[in-house]
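Reader: I am new to protein structures, and I would like some help reading this one. Could we go through it together?

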Amino acid sequence: MMGHWIIAPVVLPALVAGVMVVAMRGDLILQRVTSVAAILALNAIAVALLWAATVNGPEAYFLGDWPAPFGIVLVLDRLSALMLVLLSGLALAVVLYAIGSGWDGKGAHFHALLQFLLMGIAGAFLTGDAFNLFVFFEVLLIASYGLMVHGGGGARTRAGIQYVAFNLVGSSLFLFALALVYGVTGTLNMADLAAKLPDLPAGDVALLRVAVVMLIAVFAIKGALVPLQFWLPGTYANAPGVVAAMFAVMTKVGAYATLRFGTLVFPPDLLATGDLVASLILPAALVTLALGAVGTLGATTLPRLAAFAGISSMGTAFLAVAAFTPETTAVALYYILHSTLATALLFLVADLVSRRRSQALMDAASPPIADAGLIGALFLASAVAMAGLPPLSGFIGKLLVLDTFRDQAALVWPVVLVASFLMLVGFARAGSRLFWSPTASQSEPAPPEPEPLAFCAAFGLLATLIALTLLAGPVTDWLSATSAQLYVGQDYIAANRLGQEE
Amino acid sequence: MEALVASLIGVLTAVGIYLMLRRRSFPLILGLTFLSYAVNLFLFASGRLTVNAAPIIGTADSYADPLPQALVLTAIVISFGMTAVLMIMAIGGHLEAGHDRLTLDHPDEDAPQDQPDDQKWDQP
């Protein structure tokens with residue numbers, strides 16, 4: 001039993017961020033040390049929670065000891081623990097890269113905002129209350145607004161306004177949906193909803209279905225599903241590279257919320273909603289997958305290419321999510337792990353390249369970049385992972401996705417395979433432009449500052465991808481048990497101890 | 001009363017969406033504000049409309065649902081903070097770009113044409 005440790009992933013970053021803003025203003029070295037230490041501690045806590053969730057099953061934490069459904073609960077189960085480990089591991093790579101590349105010194109409060117972002121995302125993964133999920137969405141969004149415009153610049157600020165506006169509309173939609181859900185059920189605790197919805201009066205079914213569509217729209221905005229993906233390319237391409245890498249886990253919050261609501265609150269066997277969630281997501285995921293792949297062909301800069309590749313991989317992840325069976329959800333979780341790490345790696349590589357080139361456009365002639373061999377190898381690895389070529393985990397992930405859609409092979413297989421091919425062409429074109437094309441001038445590039453820590457972070461992500469590939473067997477076994485737990489809602493509901501006074 | 005509240009929410013939402021589609025930052029902020037007013041009223045109404053009832057069980061025959069009131073309070077605070085952030089960013093964007101259009105077609109569309117190429121991109 002983990003007791004109070006369940007709330008530690010929310011409280012620790014919040015405290016650290018607050019102390020940083022108040023007491024460490026202007027002292028970058030101290031901020032860096034504190035930030036790395038806090039993220040290491042977060043990693044340790046997340047791993048411990050993962051172990052506890054594996055051994056014990058779902059466990060609830062009652063804030064202020066108010067009984068559910070009247071108080072707010074955090075619920076730790078295998079899925080939320082897994083997402084916490086993914087989040088904290090990615091945060092470690094991102095913070096090391098930010099320090100190594102000097103990004104964190106280009107504006108005030110980078111580390112504090114990063115900690116607030118971690119607090120919001122960890123809270124969104126842990127919470128067992130739908131309104132609390134909205135609050136944590138806002139926490140992570142407001143931190144991401146600050147990070148998005150970190151370093152300043154006209155294009156970045158205006159891309160930031162679009163990002164904020166899009167997400168504010170999403171937040172309003174979320175509130176409309178929550179109000180509808182509360183109006184028909186009288187509760188917003190997820191476990192209580194799951195217990196009450198099967199007995200929903202027939203007259204309220206239409207209202208509930210409207211609420212479900214709005215909720216899915218909100219999660220689709222977060223997860224950048226077509227037709228709600230417009231904010232992503234401009235935001236990710238204009239955000240600092242290191243921030244875009246951290247944002248790779250933010251789209252997964254949308255996928256996580258869809259999974260949580262689609263399995264616990266609106267499971268496929270719920271009469272009121274039926275396969276509504278799946279029927280909305282499946283076509284959107286296919287179009288997202290295709291559109292992202294076409295986008296990689298048309299992208300003019302490397303960060304945009306990375307953004308479109310990220311959209312495409314979200315399409316693949318949502319495709320596996322949309323099937324909503326225990327087997328396919330395990331595949332979706334594997335692909336979410338892979339996609340987060342690979343997208344983050346690609347954004348870090350894009351940042352390494354962009355900071356060494358005088359030209360943003362890939363087609364523009366530019367002197368060869370420094371460290372071209374090392375960066376080229378990283379680019380190749382990330383391209384192989386994103387496009388789904390062997391030997392990296394993208395291949396295993398896509399193979400598993402194809403395998404789960406055997407019965408719809410005529411529709412799904414061509415889209416996935418052609419999209420992978422298009423991404424391959426896009427990456428090959430970008431790579432040969434950036435690393436092989438004839439140089440504009442023969443002058444040697446100025447040797448940049450050595451960045452051992454930045455390369456360590458990028459290679460660390462690559463090593464994690466390789467580990468995910470080599471350990472694919474044990475990992476998928478664990479994920480299968482995780483997804484089986486998702487489809488047996490009783491444990492999650494029982495952990496909330498509904499209607500039992502202390 | 002139900003019809004009045006429902007149409008009020010509808011009008012506020014419509015005004016908000018119309019203003020948001022104006023593609024300029026000031027109407028956008030106004031539109032988002034209208035939308036948040038609409039959603040706050042909608043949240044409030046989700047606890048059913050009651051007149052002259054205290055949010056306490058047991059003191060009278062009818063009572064007002066207190067939970068939506070707490071939710072609305074949270075939503076108001078959050079939307080207020082978000083609007084402030086958006087306002088600051090809109091002012092920053094306006095000062096840097098010299099206009100408040102929200103279109104973003106190309107990363108270097110704003111760069112003056114007479115500058116050397118390497119300054120067009122926001123090189124960190």
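What follows is a set of questions and answers about this predicted model.

Author: Happy to help! Residues are numbered from 1 along each chain as its sequence is written, while chains are lettered from A and ligands numbered from 1 in the order in which they are written. This is a predicted model, where local features need pLDDT of at least 70 and side-chain atom pairs count only at pLDDT 80 or more, whereas totals for chains, interfaces and linings use all residues.

Reader: Which helix gives the largest share of the side of chain A that touches chain B?

Author: Let us start with contact: two residues are in contact if their C-beta atoms, placed from the backbone, lie within 7 Å. By that rule, 36 residues of chain A are in contact with 34 residues of chain B. On chain A, the elements giving two or more residues are α5 (130-148), α6 (154-185) and α9 (231-238); helices (H or I, at least four residues) and strands (E, at least two) are DSSP runs, numbered from the N terminus. The largest share, 18 residues, comes from α6(A).

Reader: How many residues of that side of chain A are nonpolar, polar and charged?

Author: The classes go by residue type: Ala, Val, Leu, Ile, Met, Phe, Trp, Tyr, Cys and Pro count as nonpolar, Asp, Glu, Lys and Arg as charged, and the others, Gly among them, as polar. Sorted this way, the side of chain A that touches chain B has 18 nonpolar, 13 polar and 5 charged residues.

Reader: Are α5(A) and α6(A) roughly parallel or roughly antiparallel?

Author: Two packed helices are described by the angle between their axes and the distance between the axes. Axes are lines fitted to C-alpha atoms, for helices over the stretch in contact, and angles run from 0 to 180 degrees between N-to-C directions. Here the axes of α5(A) and α6(A) come within 11 Å and cross at roughly 175°. Angles under 35 degrees count as roughly parallel, over 145 as roughly antiparallel, 65 to 115 as roughly perpendicular and the rest as oblique, so α5(A) and α6(A) are roughly antiparallel.

Reader: Which residues of β1 in chain A are buried?

Author: In a regular strand the side chains alternate between the two faces of the sheet. A residue is buried if 20 or more other C-beta atoms lie within 10 Å of its own, exposed if 12 or fewer, and partly exposed in between, with C-beta atoms placed from the backbone. In β1 (residues 59-62) of chain A, A:A60 and A:F62 point to one face and are not buried, while the buried ones, pointing to the other face, are A:E59 and A:Y61.

Reader: What is the bridge partner of A:E59 in β2(A)?

Author: Two strands pair if DSSP finds at least two bridges between them. Strands β1(A) and β2 (residues 73-76) of chain A run antiparallel and are joined by 4 bridges. In β2(A), the partner of A:E59 is A:L76.

Reader: Where is the cis peptide bond from A:V226, and what is its omega?

Author: Most residues other than glycine have a negative phi, and most peptide bonds are trans. This bond leads to A:P227, which sits in the loop between α8 (205-223) and α9 of chain A. The bond from A:V226 to A:P227 is cis, with omega near 5°.

Reader: Is B:R48 buried or partly exposed?

Author: B:R48 lies in the loop between α2 (25-45) and α3 (66-97) of chain B. Its phi is positive, near 70°, although B:R48 is not a glycine. Because B:R48 has 13 other C-beta atoms within 10 Å, this residue is partly exposed.

Reader: Which helix gives the largest share of the largest nonpolar core?

Author: A nonpolar core is a set of buried Ala, Val, Leu, Ile, Met, Phe, Trp, Tyr and Cys residues joined through C-beta atoms within 7 Å. The largest one has 224 residues, and A:I121 is among those that touch the most other members. The largest share of this core, 19 residues, comes from chain A helix α13 (residues 326-356).

Reader: How far apart are the C-alpha atoms of B:F26 and B:A90?

Author: Chain B has 3 helices and 0 strands, and B:F26 is in helix α2. Along the chain, B:F26 and B:A90 are 64 residues apart. In space, the separation between their C-alpha atoms is 7.8 Å.
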